[in-house]
Amino acid sequence: MAKYAISEIKADLSAVMGKEAILNGDIPEAYTHDEALELDPIDPLGVVFPTSAEQVADLVNYASHSNIALVARGSGTGLSGGARPVTDGLVVGFERMNRILSIDTIDQTASVEPGVTLAQLEEALAGTPYFYPVYPGEMSATLGGNVATNAGGMRAMKYGVTRHNVLGLAFVTGSGVRARSGGAYVKTSSGYDLTQLLIGSEGTLALVTEVLVRLSLRAHTRTLILASFRNFEDLANAVVSIPERGLLPSILEYVEATGLAAMAEHAGVSLGVSANVAATTSAYLMIELEAMSDDDLSWQLNEVMELLDVHHSTEQYLLDEGQRQGLINAREAAFWTVKALGATIILDTVVPRSQLATLFAGAARCAREHDTLLVGTGHVGDGNVHLSLFAPDPVECHGAATAIVELAISIGGAVSGEHGIGVAKRQLFLEQEPPPRLGLLRSIKSVFDPDNLLNPGKLL
């Protein structure tokens, strides 16, 4: 609980950070929530906009002295309530810390402030042979936000998620310690890896002030196949077989038939799927292949087409460039599509690829038992599926969600693959985590943030 009135806080912080550093009173609605569907907005005490690492350190020290909670916020695109304010706390908006500090084409790295968006970084890299491969589906998302949740996305099967592409961080802990971790090298065996500890910690341990990312070479050529399947078991078996053939698609997604129709209509893209195929299809695979040469791409394409035939794909569509980009854009906008259609909950559970068929069948059963409509999409290449649940009764919807998560964990999975725990999945996470592991997590939290001022009530 804050010791002081907001007028005192504003005066104090203005002296440290400048008069435009804090908003209170008429706080824009966007700062009262993130994009988690099932959570109500909360009005914070105010919103603070640091412009440097020094100001972040000053802010943390002031918050510690005044016992004021701090909730970090990038673009607010999260789906678990991780950036949702707390009533007696300040939101730390990082949009003014949005400088690209360096791009190093020799070591293939870029150093950015946490408020830099994926779109900004992509634009800055446009004139180079390199790109940043993490593609979580929202290019307005910030690098700091991606670090907080260990964001993944459509390219994770080939390029990995955020933790595989971040080499170092600068940060300020909840206890006020300023430090750096990692560097522009490809390996280290030098003590505890603080970079990896902070990635995915959802702003509960430290406020990140700089992110050093690994860059990847752009492919010279690519193509996208849309393959239809009558049943989920065949689709799941095809997914498992793809890496067994030495193939590593840049995108490997599944979309249920009803979901694809809604996404394509929402995005205004025609995929050329005949009415007969659409009527007999349960789900589709999106398979994007890329290569440095036409010969390599041709080999990959032949292997995939043969594999799809073996696993009873009913039709394969080789999309032209307009269709390819249109379908990727439609998939990227899937959240907005299901939100517009009235989804109640979106899960992002993850399981081993070998257990996808079990998850598909079990999730459908859980939805039926709770009178809930289920529509799925997801990154099946890494076992991460996004299940949108629709139900007029929120109790039944939450019952279906709980049953699906429990099923996923029972077959070797986890609550969240990439959206994070935040508030929305906190109870599920706490119920499913073994007590000894929870004890270790809480011990780490107490070292980095002894007064529980950073994002309190989230994750743990």
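Start at the largest pocket of this predicted model, which holds about 730 Å³ of space. To find its middle, select Arg163, Gly200, Ile421, Phe429 and Leu459, the residues nearest the centre among the 36 that line the pocket. Next, colour helices H4 (143–149), H7 (194–198), H16 (426–432) and H17 (435–448), the elements that each give two or more residues to the lining. H17 gives the most, with four residues. If you colour the lining by residue type, you will find 16 nonpolar, 13 polar and seven charged residues.

Now move to the largest nonpolar core, a set of 53 residues. Pick out Tyr254, Leu285, Ile287, Val380 and Leu389, which have the most contacts inside this core. Helix H15 (residues 394–410) supplies the largest share of the core, seven residues. Centre the view on Leu389: leaving out residues up to four places away in sequence, its contacts include Ala343, Ile345, Leu347, Leu374, Cys397 and Ile404. Another core, of 24 residues, lies apart from this one; to see it, select Val112, Leu125, Val147 and Ile199, which are among its members.

Phe49 is a good next stop, in the loop between strand S2 (46–48) and helix H2 (53–66). Is Phe49 buried or exposed? Its relative accessible area is 4%, under the 20% cut-off, so Phe49 counts as buried. Show its surroundings, leaving aside neighbours within four places in sequence, and you will meet Met17, Leu23, Tyr31, Gly93 and Arg96, among others in contact with Phe49.

Finish with the salt bridges, of which the structure holds 16. Select Glu54 and Arg178, whose closest N and O atoms are 3.7 Å apart. Glu54 sits in helix H2 and Arg178 in strand S9 (residues 178–182), so this pair ties together parts 124 residues apart in sequence. Glu54 is partly exposed, with a relative accessible area of 45%, and Arg178 is partly exposed at 45%.

Then go to Glu253 and Arg331, where the closest N and O atoms are 2.7 Å apart. This bridge links strand S13 (residues 251–256) with helix H12 (residues 321–332). Glu253 counts as buried at 0% relative accessibility, and Arg331 counts as buried at 6%.

Stay on H12 for Arg324, which meets Glu288 in a salt bridge (2.5 Å, N to O). Glu288 lies in strand S14 (residues 283–291), so the pair ties together parts 36 residues apart in sequence. Glu288 is buried at 4% relative accessibility, and Arg324 is buried at 9%. For a last selection, add Lys158, Arg222, Glu290 and Glu321, which salt bridges with shared partners join with Glu288 and Arg324 into one network.

Technical notes
Residues are numbered from 1 along each chain as its sequence is written. This is a predicted model: local features need pLDDT of at least 70, side-chain atom pairs count only at pLDDT 80 or more; totals for chains, interfaces and linings use all residues. Side-chain values use heavy atoms; hydrogens and water are left out. On a 1 Å grid over the protein atoms alone, a cavity is a set of points where a 1.4 Å probe fits but cannot get out, and a pocket is an open set with protein on both sides within 12 Å along at least five of seven lines; lining residues have an atom within 4 Å of a point. Grid points are joined across faces, edges and corners, and a volume is the space filled by probe spheres set on the points. Ala, Val, Leu, Ile, Met, Phe, Trp, Tyr, Cys and Pro count as nonpolar, Asp, Glu, Lys and Arg as charged, and the others, Gly among them, as polar. A nonpolar core is a set of buried Ala, Val, Leu, Ile, Met, Phe, Trp, Tyr and Cys residues joined through side-chain atoms within 4.5 Å. Buried means under 20% relative accessible area, exposed over 50%, partly exposed in between (1.4 Å probe, protein chains only). Contact means heavy atoms within 4.5 Å. A salt bridge is a side-chain nitrogen of Lys or Arg within 4 Å of a carboxyl oxygen of Asp or Glu.
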